[in-house]
Amino acid sequence: MAMSPLLDDDTTLFDVNLDGTSTSEDGGYEPIPAPKTKSKKPPPYSRFTQQELPACKPIITPKLVIASFTFIAIIFVPIGIAALSASNKVVEIEERYDRECIPPIYSDHILQYIQSVGTDKTCTRRLTVPKHMKSPVFIYYQLTDFYQNYRIYKSSRSNLQLKSKADEGSELKNCGSVQTVGDEPIVPCGLVAWSMFNDTYSFSVKDKALIVNKMNIAWESDKKGRFGSDVYPKNFQAGGVIGGAKLNSSIPLSEQDDLIVWMRPAPLRNFRKLYGRIDVDLEANEEIKVEIKNNYNSYGYGGEKLLVLSTTSAFGGKSKFLGIAYLTVGGFCFLFAIVFAIIHRFKRRDIGDTAYLSWNRSPVGYYIK
Amino acid sequence: MHESSRRTRGKVRWSKLYSFSCLRPHTSDPDSAQELIGQPGFSRVVFCNEPQLHKRKPYKYTSNSVSTKKYTAVTFLPKALFEQFRRVANLYFLLTAALSITSLAPVKPLTLIGPLVFVVGISMLKEAVEDWYRFLQDLNVNNRTVKARAENGLFVDKLWREISVGDVVKVKKDEYFSSDLLLLSSSYEDGVCYVETMNLDGETSLKIKRSLEATLHLNEDAKFSVFKATTRCEDPNPSLYTFVGNLEFESKIYPLSPTQILLRDSKLRNTDYVYGAVIFSGHDTKVVRNSTMSPSKRSRLEKKMDKVIYLLFSMLLLISLVTSIGSSVVIKSDMSQWWYLSLEDSDPLFDPSNPSKSGFLQFIRALILYGYLIPISLYVSIEIVKMLQARFINKDKKMYDEATCKSVQARTSNLNEELGQVEIILSDKTGTLTCNQMEFRKCSIAGFSYGGNINEVDIAASKRMNTDSEAYRSSIDQSDTTSQSLEMSEFSVVDIIAQQAILRGHENADNSNARNSRLSDVRKESVIKGFNFRDDRLMNNQWIYRSDFFYMTMFFRVMALCHTGIPVEDGQTDKLKYEAESPEEVAFLIASQEFGFQFFQRTQSLMTLKELDPSSGKQVKREYKLLNLLEFSSSRKRMSVIVRDEDGKIYLLCKGADSIIFDRLADNGGAYLESTTSHLSNYAEDGFRTLAFAYRALELAEYEQWNSIFTQAKTTVGPEREELLEHATEMIEKELILLGVVAVEDKLQKGVLECIDKLAQAGIKIWLLTGDKKETAINIGFSCSLLRQDMKQFHVCLSKETESKKPAEVAHRHWHIQITRLVKKHTGKTTLAIGDGANDVGMIQEADIGVGISGMEGMQAVMASNFSLPQFRFLERLLIVHGHWCYKRISKMVLYSVYKNIAFGLTLFYYEILTNFSGDSLYDDWYMVVFNVFLTSMPVISLGVFEQDVSSDVCLQFPSLYRQGLRNIIFSWSRVVGWILNGIVAASVIFLANVYIFSAAAFRQEGHVADITQFGAIMYTCIIWTVNCQIALIITHFTWIQHLFIWGSVLLWYIFALAYGALPPDYSQRGFNILTESIGAAPLYWVATFLVTIAALLPYFTHIAVQSLLSPMDDHIIREMKHGKKDVTENQMWLREQRNSQRSTQVGFSARVDARIRSFKEGLSLKRISIYNKSATNTPFYKSWTSSPLFS
């Protein structure tokens, strides 16, 4: 205590802390604690406080390394093969129709064509079934370069309003410019609903129409929990600018499956959304005639539109990535296993090989590792 | 005696007690000081016995209650909050939390405010608890009672805090003084009292205080009814050793000096009671004023961690900048074409007409969003971890001292990991390394050395040689038999030679049993305190049968007469105890008593001995008249007494430093000089302190002539007095006859030798800071094995700034702080200072880590320290086990936290790229809240608290593992960068894999595609799995706790997702039914989690696999050895590696043993060559061959 005057000028007693914790912990004077009358007992022994709990101490040995790589390879390759074959069994038909469905005369005035109410937007495409497609065959529409995940787009909705009629006017400010018509709230409000996809498809095989089943394309939780059965569309697309689809105002939102599907924003700019289901098998080489109402303005932002028919496997739709990834990782592990085995064969290191201890490697002035 | 160490400096000088010189007032020119009274700075007025006068200004002084609290109920919140937000990281989070309320926030305010409140709340809670304990301690102190005079004239119990200035108090034996008191009278008639100031300055000795004669009579309660006096004195100040004031009593003015002042926190001893008047109270007392703020210390690792945090901040700025620029570009060019957004150009963040403004706002937003790069919970989890680590340190039974019932205390927990990086230890000597207790160990009388010649180094060396040869023998079992037999015979030769070398010098032909018992005796605790001597030739009065008993008698007389000590009755046995100026003299007196020369009485001029008479073998009482005492001084380095025995013979008995004595020998006085000198050097190498004894017989005439000169010199007043005295002593202290030398050991504390040995093996350099003279310091250096004979010695003096790399430095002439600062500045290494007394406080505060010895009762060093140990030897375990562990734990913890937050935070950034930098977050707000706070925090804490790279035994067996911390290889920049890269890789793998797996096509058999919610939840699952499996790869020590925390955290995520999803959608938002309805039922979710987790960990796993195969770390190999139980099955190898690891150690006991073995072996190989040559040339074949005609 009495020594502090010895400090030189050029040194500071108190460090400046980045974290700014108190510069003095012990706060100067400490009173002398009263002497304890009872003799202090030694700390009780327990394996916990003595840090002697039984422990498993895995160590990474060359054999363990080789074994784990091999093990991963053995697990991964079959999963990869299974995933690939599952993906291969999935039959998928992709048909891009955004260009083809513009009549040649409008090819220089695409926006005019698509925005005009009067033009006939029907377009017929014929698809050939490459392989037998077992029902259910899922129908998707796919949009590219559409940023449903763009923040101001995604959040332009009122969840309260969708859920119950009582809240029709709630959280409208989330909906930005698509809030009201006059003083009346728009139901459903916001950009998401406003820009809803509105192309329609009808299918026929050999002039016999295929029924498109729209049941269960939306999540049950949405239908039960998020979209109210007493909420009906109101003032929808009644504003100055028409966005996408119109809704039947006599059907409650909870029954508007297409809307519900659309209202689930996709995470990426290229996305598919479920349109419906065909509950009959499609035979190989059958020709499906699709009649498309090409309403949706994907031309404005330069995106593509695709129609997708696909069966599914346990792993979902057709996607080779999972299988390839499994095989790649498995393959690499196998390769590593071999490489390590070779290294181990020629540059053997036994478990606990003392030659590798730093003091045995360079006897003088060794470098501790 | 000669170097009264600092501890004894304050001790009562017993010689002065005789002359009562210590009771004479110090003449420090009191007159000039008295003139100051009334001047500024000396204006205090105290009305003794009239405390009521101090209730109003200007005499209203502060109350006697003392508060050490930092906060009060009112100031706690603002002050504690202020402290918290001085942390840069916390300030950043506060800023983001503030911004989160504005429209700029990408996430809900709760997401940002929640974790901040949690983290700051925990830290503040810790502050509050600590302050609460301080409050309780204050309460305890303030509520102590003391007898004080009440209005009615009675002395009643009063609480300390109620005592006010002017009160008269009565303090009883062994009570603490409640405030600074003016001593009025005591139970002794002369007004003397004894106080112990240990709590003030750490000195254990008693100090004498003495009241003014004028107030002596006030020694009864009743006498205070009429007592009134006024004290005028200095204002409150921190100086403990000065006091200026006077007392106006009965219209006379008496000057006061520090002798009359009793300081708060000192203790009344050996005095039944004292009366005193309160002069200073509470915060005005000298001890409170004197207390300095302990500087706050932060560990190197934490300082480096700050830099890592800065690095993360720069990363954060960089990706925010990328986001902001990207956003501006998008807004400017692409967005105008997106008709589905075109209605929203009113939003300032997406204003195509002003992209730069939008860009700036996006930048702010991004700073908030990517905040997950900064590990918000790191500081608080480190605080929790360190608190728990400190508890483990406190609870360690192996650091519990049975004798003092104290255990190690981590007084500040924020330096735990610094313990693992200590490179230089600055140690105080007395009381820290040594007990300040001398032991009589050896002596050389008339050319014979007594007390054995074996030292511990030799014993250890011989043991080692034996085990070595056994190991060698077993290892060459398989080799061809011819060489084997040769080697075996050679090694048996080694044994014999070693044995002989060890036992060389035993001219006494003891039988082998006695020899062995003597060997084993060496390490035993001596039964008699201060006497650790075994030699049958001298013990039990056997010396009388020796031919040179005259020398012996004189030798013992010097021991028994030439000193300043006094005997103290023991009461229990007929053996006496002694008090003397220095512990060495005590050791001599005890030794001479053991040899039959009991010094048992001293009067002013007479010293009485009970002597063993060699001729009769009986004890006889002899009186010696003390004629003169030529005192010891540091320049004289000797002390003499001139005595006259009962026969009238006059002797000068002298003891002193060997060089001084040897210079003053008579021509015939150095008969045994040669052998004595060789013994002397042996003793010195063993670290003993040596003194030479000599005598001279004086003729009466010669003495009287000299005595007149001497008396004249003594009575001379003036500057030439010293010179005259010097001259006079030179005249008589010559023509001496050498008797011999003694070796005393400055006894090291228990386990110090082993501890220093281990610390040296750990690569720690030990500096001994001592105020002793050079020779003593070197002695102690040898006895601690810090020095070896083959070392070059450096002597650091303060004036020279020597930056030396010598492993053990003996730095002389104290000024510890400056040395400490010098060492810190020049080496740039982590320093630890260890000491026990008030004189070490500066050093303890200045060093990176301060350690106080709490075994003694003094609290000063402990109060200033960061760790307190009951014994020096616990330093070994504290550093090598706990320090090593804590360093690794905290390092790994910080690195992992950095990794974890990058792995999580970067996925947010990647997603931003895919959303065209719109500033949206992929995860639900609650996922983000719980990530750092709940789902990943417990495994980190378990890593920080329970991780052990190797067990504590192995740490101690391989102290060189400690060098990992010295080189800081766990928290090196390459590792930091490596872990950042690992985090980037993990984030990239997780993100890309998920994007490709879940893009476009359905992810369930039911044909559903994943939306943002599901995509985010899946990605989040992958991250939780990856980071928790990653920590499982880091941890090398799994108890059930780690398993519970790691796998529990993973499980907790699913539980959380289930519980959260079960809430109504208004609350659960995007998480509604997520696990039960959508992702949980999709096999792809589980398969993808599995793939992504493995793939994200693969780079790290490959890295550690390559490392373990090609260049494993030492702890790794040792773990493997331990795993294969090789410490049991191949014990020889295990021991050999322990020794190999010490190879580069320069100092310490083992190094000394090594050096001894080396010198044996060198000698041996020379011998072997000669034997070999001889034996080869002696073989018949050789003879016949050389005698063959070919050679002729």
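Trainee: Which side chain does a polar contact of 3.1 Å join to that of B:Asp428?

Mentor: Good place to start, and remember that this is a predicted model. B:Asp428 sits in strand β17 (residues 424-428) of chain B. Its relative accessible area is 0%, so B:Asp428 is buried. The polar contact of 3.1 Å links its side chain to that of B:Thr432.

Trainee: Which residues does UniProt list for "binding site", and what is the largest C-alpha distance?

Mentor: The unreviewed UniProt entry lists B:Asp428, B:Thr430, B:Asp836 and B:Asp840 under that heading. They are spread over 413 residues of sequence, yet they cluster in space. The largest C-alpha distance is 10.7 Å.

Trainee: Is B:Asp840 buried or exposed?

Mentor: Let's place it before we judge it. B:Asp840 is found in the loop between β31 (831-835) and α24 (841-846) of chain B. Buried means under 20% relative accessible area. B:Asp840 has a relative accessibility of 0%, so the word for this residue is buried.

Trainee: What share of the residues in chain B is buried?

Mentor: Picture the whole chain for a moment: chain B has 41 helices and 33 strands. In chain B, 73% of the contacts with a separation of 6 or more are between residues 24 or more positions apart. Of its 1192 residues, the buried share is 59%.

Trainee: Which helix of chain B gives the most to the largest nonpolar core?

Mentor: That core holds 147 residues, and among those touching the most other members are A:Phe69, A:Leu322 and B:Trp1053. In soluble globular proteins, nonpolar side chains tend to be buried together. With 16 residues, the top contributor in chain B is helix α26 (residues 874-914).

Trainee: Which tryptophan is in contact with B:Tyr1020, leaving aside neighbours within four places in sequence?

Mentor: B:Tyr1020 is one of the residues that touch the most other members of the largest nonpolar core. Its contacts include B:Phe904, B:Tyr923, B:Tyr927 and B:Val930. The tryptophan you are looking for is B:Trp1053.

Trainee: Where do A:Glu220 and A:Lys224 lie, and how many residues apart are they?

Mentor: Their side chains meet in a salt bridge, with an N to O distance of 2.8 Å. A:Glu220 is partly exposed at 35% relative accessible area, while A:Lys224 is exposed at 68%. Both belong to helix α6 (residues 220-226) of chain A, and their spacing, about one turn of the helix, is 4 residues.

Trainee: Why does the salt bridge between B:Glu234 and B:Lys286 tie together separate parts of the sequence, and how far apart are they?

Mentor: The two side chains meet at 2.7 Å, N to O. B:Glu234 is buried at 3% relative accessible area, and B:Lys286 is buried too, at 1%. B:Glu234 lies in the loop between β8 (229-233) and β9 (245-249), whereas B:Lys286 is in helix α8 (residues 286-290), so the pair ties together parts of chain B whose separation in sequence is 52 residues.

Trainee: How many salt bridges are there over all chains?

Mentor: Side chains of opposite charge can pair when their charged atoms come close. One such pair is B:Asp167 and B:Lys158, at 3.5 Å. Salt bridges can also share partners, as in the network of B:Arg298, B:Glu302, B:Asp306, B:Lys386 and B:Glu417. Over all chains, the count of salt bridges is 62.

Technical notes. Residues numbered from 1 in each chain as written. Chains lettered and ligands numbered in written order. Predicted model: local features only at pLDDT ≥ 70, side-chain atom pairs only at ≥ 80, totals over all residues. Heavy atoms only, no water. Helix = DSSP H or I, 4+ residues; strand = E, 2+ residues; numbered from the N terminus. Buried < 20%, exposed > 50% of the residue type's maximum accessible area, 1.4 Å probe, protein only. Contact = heavy atoms within 4.5 Å. Core = buried A, V, L, I, M, F, W, Y, C linked by side-chain atoms within 4.5 Å. Salt bridge = Lys/Arg side-chain N within 4 Å of Asp/Glu carboxyl O. UniProt positions renumbered as here; feature names shortened; annotations may be inferred. Polar contact = N/O pair within 3.5 Å; in protein donor to acceptor, adjacent residues only side chain to side chain.
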